[in-house]
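Me: I have a model open and want the labels justified. Take me through them one by one.

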Amino acid sequence: MRVVHTIAELRQALAGAKAPAFVPTMGNLHEGHLALVKLAREQGGPVVASIFVNRLQFAPHEDFDRYPRTLERDCELLKGVGCNVVFAPDEAELYPEPQTYKVLPPPELADILEGQFRPGFFTGVSTVVMKLFQCVQPRVAVFGKKDYQQLMVLRGLVRQFALPIEIVAGETARADDGLALSSRNGYLGEAERAEAPQLAAALRKIPAGLEYGERDLAAIEQRAMDGLRTRGWAPDYVALRRRSDLQPPTAEQIDAKEPLVVLAAARLGKTRLIDNLEI
C-alpha cells in the first residue's frame, strides 16, 4: 500500500492502472469505513481511500479543530483490508488558493434536514468531493448510507455533471447494540454511549405506527422527538420522507407502499449523532 500526499504523487501511483474504486473519508476510521473499502475491493481495480478533514463543510462553531486526526492508525487499518493507495493531502495541497469556485447543490435537497441545521454543509461536501473526483479519476466511488442525504446529493452531482463514475452505497455499519458507527461516537462519555442506541430505537418505532394506520406525519415526528427529549436528547429533527427526493410523503403514497426513509439528528450531551432507517 502506498501513502501519498500530493496530487502529483497520486497520479504517478495510479499511472497505467485500471480506473480505481474510491472511498473518500475524513479519517479517524472505524469498521464502517473499512466495510466500504471492502466493498470497493469487490468492484475491481485498485482501491484508493482519501483522508482529508474538509474545512469547507464545517461551520465556524463546529468541531473542525478538534476532529481527530489519526493518520498512522488509519493507514494500518486500510492496509489490513487491502487498500492500495491512501491519498492524504494537507490543506495547502488540496486548497492552494481560496476555493472560490464551489458546487452548489439544489436547495430543495440540500437546504432541508441536515442542510437546515448545518447551512452550507452540502456545498462544502459537494465541492471537496468534486475536487477529489478530479484528483483520483475513479470509475466507482463508495459512500455509506448512514449519511443518507449526502449520498443523494452526491448521486445528483454525478448525474447532472455526467461524470463517468458509478456511486455504490454501503449499508450502515452498526455496533451490536444498534448504534450506527461514526467517528464522532468517540466523543461520547460512558453513560452517553450506553444511551446512544436509543436514537436508532426511536426510528424503529415509526414503521409500526404506519402499519397501524397513522398518517399524520407531524404527529409521528413530534412524538419521536418528544420521546428523545424525555431521555435527555436535544433533537434537531426526526423526519419521515420519500427515498426518491426526501420530501414528505402523502397519505396516499404511504398507503401505496412508496419507499420511505426516516432520518434523525440529535445531540446527546455535546455530541451530535445522525441515523436513518429505510422502510
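Reply: Start with a charge over a ring: Arg69 lies over the face of Phe64, at 4.8 Å from the ring centre. This is a predicted model; local features need pLDDT of at least 70, side-chain atom pairs count only at pLDDT 80 or more, and totals for chains, interfaces and linings use all residues. Residues are numbered from 1 along each chain as its sequence is written, and side-chain values use heavy atoms, with hydrogens and water left out.

Me: What makes Arg66 sit over the ring of Tyr187?
Reply: The rule asks for NZ of Lys or CZ of Arg within 6 Å of the ring centre and within 35 degrees of the ring normal. The charged end of Arg66 is 4.3 Å from the centre of the Tyr187 ring.

Me: Why is the aromatic pair of Phe58 and Tyr67 called edge-to-face?
Reply: Rings of Phe, Tyr and Trp (its six-membered ring) pair if their centres lie within 6.5 Å; planes under 30 degrees apart are stacked, over 60 edge-to-face, the rest tilted. Phe58 and Tyr67 are 6.1 Å centre to centre, with 75 degrees between the planes, so the pair is edge-to-face. Ring pairs also link Phe58, Phe64 and Tyr67 into a cluster.

Me: How do you know that helix 8 is largely enclosed by the rest of the structure?
Reply: Buried means under 20% relative accessible area, exposed over 50%, partly exposed in between (1.4 Å probe, protein chains only). In helix 8 (helices are DSSP runs of H or I, at least four residues, numbered from the N terminus), 10 of the 13 residues are buried, so the rest of the structure largely encloses it. Among them are Tyr148, Leu151 and Val158.

Methods: Helices (H or I, at least four residues) and strands (E, at least two) are DSSP runs, numbered from the N terminus.
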